Amino acid sequence: MGQSSELEDLLRAEVGEGVKDSSGRFTISREKALEKLAAFRLASETAWVLKIVQAAVASSCTELDIRQTSTGTEFHFSGETGWTLAQVEAEFYQVEAVSETSLEHLKQGLWSVSLNGMRPFSMVAPDWPEALLWTGDKMLRKPVKPVSRMVLTISHRSMVEGRRFSLIPDFEAASRNAEIARELAEQAFVCSKPLRLDNRRLDSLQLCPRHGLSSSSYPVQLGFLRGDLPALGLPPATVGGFTAPKEVDPSMRKLLHPEVTIPQRLALACMVTAHLRKVARDKALVWKAYEEECLIYWVRDGVVVDRTRPRLVSAGCCSLALFASAEGLSADAGGFVLQKNEAFRQREEEVCRLGASFLGEVRLNMTSVVEDARRNARLLGGLIAVGGLGYSFFSIVHGAAITVMGVYKAVTAGGDEIQISAQVDAGMRGLQRDWATHYAQAGRDL
């Protein structure tokens with residue numbers, strides 16, 4: 001399983017000392033509190049990691065660095081979180097909600113992974129005299145090596161009967177790491193503070209799984225709007241710092257309009273995306289458009305807590321993704337399902353009106369994509385033709401065939417891109433017409 005972590009060393013030392021009585025810090029019906037807390041459930045088994053991200057965003061820390069190992073997940077908080085050892089220790093057992101939002105997120109995340117999952121954790125900060133250690137059934141304070149920033153470590157293993165570590169093979173640890181990474185990629189790309197997973201930036205709207213930059217979706221334009229909505233934090237790497245997926249076509253990446261203005265108070269972020277991918281046809285790769293629906297991503301403290309589809313808007317090869325704050329909207333106990341009440345419907349309507357107004361200003365231009373394709377295809381066709389001429393010295397028939405192939409490729413260069421450009425252009429016009437039709441105020445603004 002790799003090198004032993006400091007968390008596991010602390011746990012082994014505790015197990016070696018045998019079962020000890022409580023320190024007496026928690027005197028009011030701890031068993032009943034634990035019984036109630038153990039019933040707490042989040043949206044998924046890995047949603048606890050999103051609660052830790054929300055805790056970091058709601059706190060005063062400056063960034064969050066997540067590191068995955070073969071034995072657990074480490075959260076490194078830069079700057080001051082504002083949490084004291086006594087606060088975290090005491091609030092862990094408080095059934096009632098904490099007034100401090102960041103601590104409430106932290107507590108809910110720790111409940112899910114430690115009480116339901118029976119997973120030990122340790123937590124330490126530079127100004128803490130000791131580390132907190134949850135063994136699987138009780139909280140302890142333990143001496144620990146000095147640290148330069150706050151570190152929360154959550155074990156992959158669980159504590160089983162007899163106070164032993166459960167043993168998990170390497171492939172299961174890798175699977176758990178992959179599940180956590182997937183949860184972060186799908187829900188935490190809207191994080192409003194720098195967020196890294198094993199030194200890879202995640203905090204960018206262009207990394208949105210369904211509407212961001214990928215081998216099958218290419219953002220056309222980003223928009224950042226003012227409005228009568230709660231303020232929305234912008235993922236910092238959106239304006240530079242994220243790494244595009246390797247499979248992204250470099251020509252189609254140029255579709256994104258680079259010039260954007262970010263208001264001092266951001267109310268709504270918008271992203272228009274063209275959905276197309278390369279598919280095999282007649283022994284060649286050609287572009288094909290496909291349909292994707294428009295979505296509103298509801299964000300609270302740097303995490304997507306819900307997704308809704310705008311009413312009456314059809315799916316198409318061009319889509320509009322809207323990113324709005326869920327602040328002030330009621331949700332379930334875990335915070336990941338918004339209640340679709342009147343307050344929600346009013347905010348959704350305002351989000352859609354603003355989004356439609358922005359959409360009317362978007363202008364799609366695929367000229368650079370077509371020109372790149374022509375230039376590259378002509379170059380390749382020329383090389384093939386020259387190669388065919390050279391091969392003619394060995395076989396006139398085969399050399400001629402290769403030469404003809406190269407000439408044909410050069411003459412038809414860019415044809416596929418011209419065809420897909422027309423489809424995307426029609427999809428964009430349909431998208432704008434659809435939104436203008438169904439949102440009256442936006443329609444008058446167009």
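Here are four short exercises with worked solutions on a predicted model.

**Exercise 1. Helix α5**

Work out how the span of helix α5 compares with what is expected, and whether its residues are mostly covered or not.

*Solution.*
Step 1: Find the helix. α5 covers residues 101-116, which gives it 16 residues.
Step 2: Check the span. From first C-alpha to last, α5 reaches 22 Å, close to the 22 Å expected at 1.5 Å a residue.
Step 3: Look at the surroundings. 14 of the 16 residues in α5 are buried, and the helix is mostly covered.
Step 4: Peek past the end. Just after α5 comes M118, with a positive phi of about 55 degrees.

**Exercise 2. Two aspartates with a positive phi**

Find where D198 and D301 sit, and decide for each one: buried, partly exposed or exposed?

*Solution.*
Step 1: Recall the usual case. Most residues other than glycine have a negative phi.
Step 2: Now take the two residues. D198 isn't a glycine, yet its phi is positive, about 50 degrees. D301 isn't a glycine either, and its phi is also positive at about 50 degrees.
Step 3: Place them. D198 is in the loop between β9 (195-197) and β10, while D301 is in the loop between β15 (295-300) and β16 (303-308).
Step 4: Apply the cut-offs: buried is under 20% relative accessible area, and exposed is over 50%. D198 has 40%, so D198 is partly exposed. D301 has 19%, so D301 counts as buried.

**Exercise 3. A serine in a loop**

Say which residues S216 touches, and whether S216 is buried or exposed.

*Solution.*
Step 1: Locate S216 in the loop between β10 (200-201) and β11 (218-225).
Step 2: List its contacts, skipping residues up to four places away in sequence: A274, H275, L276, R277 and Y290.
Step 3: Read off the relative accessible area. The value is 16%, so S216 is buried.

**Exercise 4. The five-stranded sheet**

Give the strand order of the open sheet, name its edge strands, and say which helix lies across it.

*Solution.*
Step 1: Write down the order: β11-β12-β17-β15-β16, with mixed pairing.
Step 2: Pick out the edges. β11 and β16 each pair on one side only.
Step 3: Check the twist. Ignoring direction, neighbouring strands are turned by 20 degrees against each other on average.
Step 4: Zoom in on one pair. β15 and β17 (residues 318-325) run parallel and are joined by five bridges. Here I296 stands opposite L322 in β17.
Step 5: Add the helix. α7 (residues 342-359) lies across β11, β12 (268-274), β15, β16 and β17, and runs at about 130 degrees to β17.

Technical notes:
Residues numbered from 1 in each chain as written. Predicted model: local features only at pLDDT ≥ 70, side-chain atom pairs only at ≥ 80, totals over all residues. Heavy atoms only, no water. Helix = DSSP H or I, 4+ residues; strand = E, 2+ residues; numbered from the N terminus. Expected span 1.5 Å × (residues − 1). Buried < 20%, exposed > 50% of the residue type's maximum accessible area, 1.4 Å probe, protein only. Contact = heavy atoms within 4.5 Å. Pairing = 2+ DSSP bridges. Axes fitted to C-alpha atoms, helices over the stretch in contact; angles between N-to-C directions.
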